[in-house]
Amino acid sequence: MIFKMASLAANPPRGFHVQYIDDIAVLVLNNKENRFNVNSVQQLLDALDEVERNDSANALVITGIGKFFSNGLDLNWLSQQPPDVGLKFFGMLKEMNLKLATFPVPTIAALNGHAFAAGGILALLCDCRVMRTNKGWICLPEVQLKLKFSTMMVDLIRLKAPSPQVARDMMIFGKRYTSDEALKVGLVEAVCEESQLLDCACKLAKQCIGKNGLDRAMLKTMKMDLYGTILENSALKDEQVIQVAKEINLDAYNKASTSKL
């Protein structure tokens, strides 16, 4: 079976929504830069719940529309929120991270463009990644923003990065990886033209599923054993939420994350 980007709805609705191709769920991010705030994270949680309820879905592909896979947190919104809303948001973000990292089917990030900061983390939370050639970067630019990683994120990046050197370059130097660089160091499993991105991701998903399929309960258990403790210990205290909002350098973030593709 050939999976083309044209297989998606010709005019996908705004927001985050799920389509199905054969037994593969495709979560489409279609909200400009696909930044995370309370509303968009709730849409992601709802979409993940929908796929989990669908017993016919054997894998999940996440992809975006346009220049961005995800440009991370909606910092313009977050910086204006009171602590109680910030607490709610980070609680929802933790729930989404835990749900995606331990999702009971194989998960593939199909990087159509920039995967920056929390958008890069979203890609890392997936089991595998494929990336569009010559367009976009995967990058964790927090060092340029003077924004500290949480302990949970440090542990997660160490686990998900293909080597200590890649973890170092991502976290300490904020390196921007092109598709070829990401493939060379093992951040992504494959690179391809945009027109082949969905096909590439779905083929990889089929390889992960294998001929005999995967038991959902066992797959989730295995992922919980690997990632669960890290993610469950990621709660932020009230004062930490306030500090995160205060430390946000919006000008630096916008400059770092909106460079031309």
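Rings of Phe, Tyr and Trp (for Trp, the six-membered ring) count as a pair if their centres lie within 6.5 Å. Keep that in mind for the first exercise, and remember that this is a predicted model.

**Exercise 1. Work out which residues the ring pairs link into a cluster.**

Step 1. Start with the count: the pairing rule gives two aromatic pairs.

Step 2. Take Trp77 and Phe89. Their ring centres are 5.4 Å apart and the planes sit at 70 degrees. Planes over 60 degrees apart count as edge-to-face, so that's the label for Trp77 and Phe89.

Step 3. Now place those two on the chain. Trp77 belongs to helix α2 (residues 75-78), while Phe89 belongs to helix α3 (residues 83-101), so the pair ties together parts 12 residues apart in sequence.

Step 4. Move on to Phe89 and Phe90. This pair is edge-to-face too, with 5.3 Å from centre to centre and 65 degrees between the planes.

Step 5. Put the pairs together: Trp77, Phe89 and Phe90 are linked into a cluster.

**Exercise 2. Decide whether Phe90 is buried or exposed, and do likewise for Phe89.**

Step 1. The cut-off to use is that buried means under 20% relative accessible area.

Step 2. Phe90 comes in at 15% relative accessibility, so Phe90 counts as buried.

Step 3. Phe89 has a relative accessible area of 0%, so Phe89 is buried as well.

**Exercise 3. Describe how helix α4 and α6 cross, and say which residues meet there.**

Step 1. Look at the axes: those of α4 (residues 118-125) and α6 come within 10 Å and cross at roughly 50 degrees. Because of that angle, α4 is oblique to α6.

Step 2. As for handedness, α4 passes α6 in a left-handed crossing.

Step 3. Next, the residues. From α4 come Ile121, Leu124 and Leu125; across from them in α6 are Met153, Leu156, Ile157 and Lys160. Sort the residues of this contact by type and you get six nonpolar, no polar and one charged.

**Exercise 4. Find out what Leu156 touches beyond its neighbours in sequence.**

Step 1. Locate the residue: Leu156 is part of helix α6, which covers residues 151-160.

Step 2. Check the burial. With a relative accessible area of 1%, Leu156 is buried.

Step 3. Leave out residues up to four places away in sequence, and Leu156 touches Ile121, Leu125, Tyr227 and Ile230. Ile121 and Leu125 are familiar from the α4 side of the contact with α6.

Step 4. Finish with a distance along the way: Leu226 is 70 residues from Leu156 along the chain, and their C-alpha atoms are separated by 9.9 Å.

Conventions. Residues numbered from 1 in each chain as written. Predicted model: local features only at pLDDT ≥ 70, side-chain atom pairs only at ≥ 80, totals over all residues. Heavy atoms only, no water. Helix = DSSP H or I, 4+ residues; strand = E, 2+ residues; numbered from the N terminus. Buried < 20%, exposed > 50% of the residue type's maximum accessible area, 1.4 Å probe, protein only. Contact = heavy atoms within 4.5 Å. Axes fitted to C-alpha atoms, helices over the stretch in contact; angles between N-to-C directions. Parallel < 35°, antiparallel > 145°, perpendicular 65-115°, else oblique. Left-handed = near helix turned anticlockwise from the far one by under 90°. Nonpolar A, V, L, I, M, F, W, Y, C, P; charged D, E, K, R; others polar. Phe/Tyr/Trp six-rings, centres within 6.5 Å; stacked < 30°, edge-to-face > 60°.
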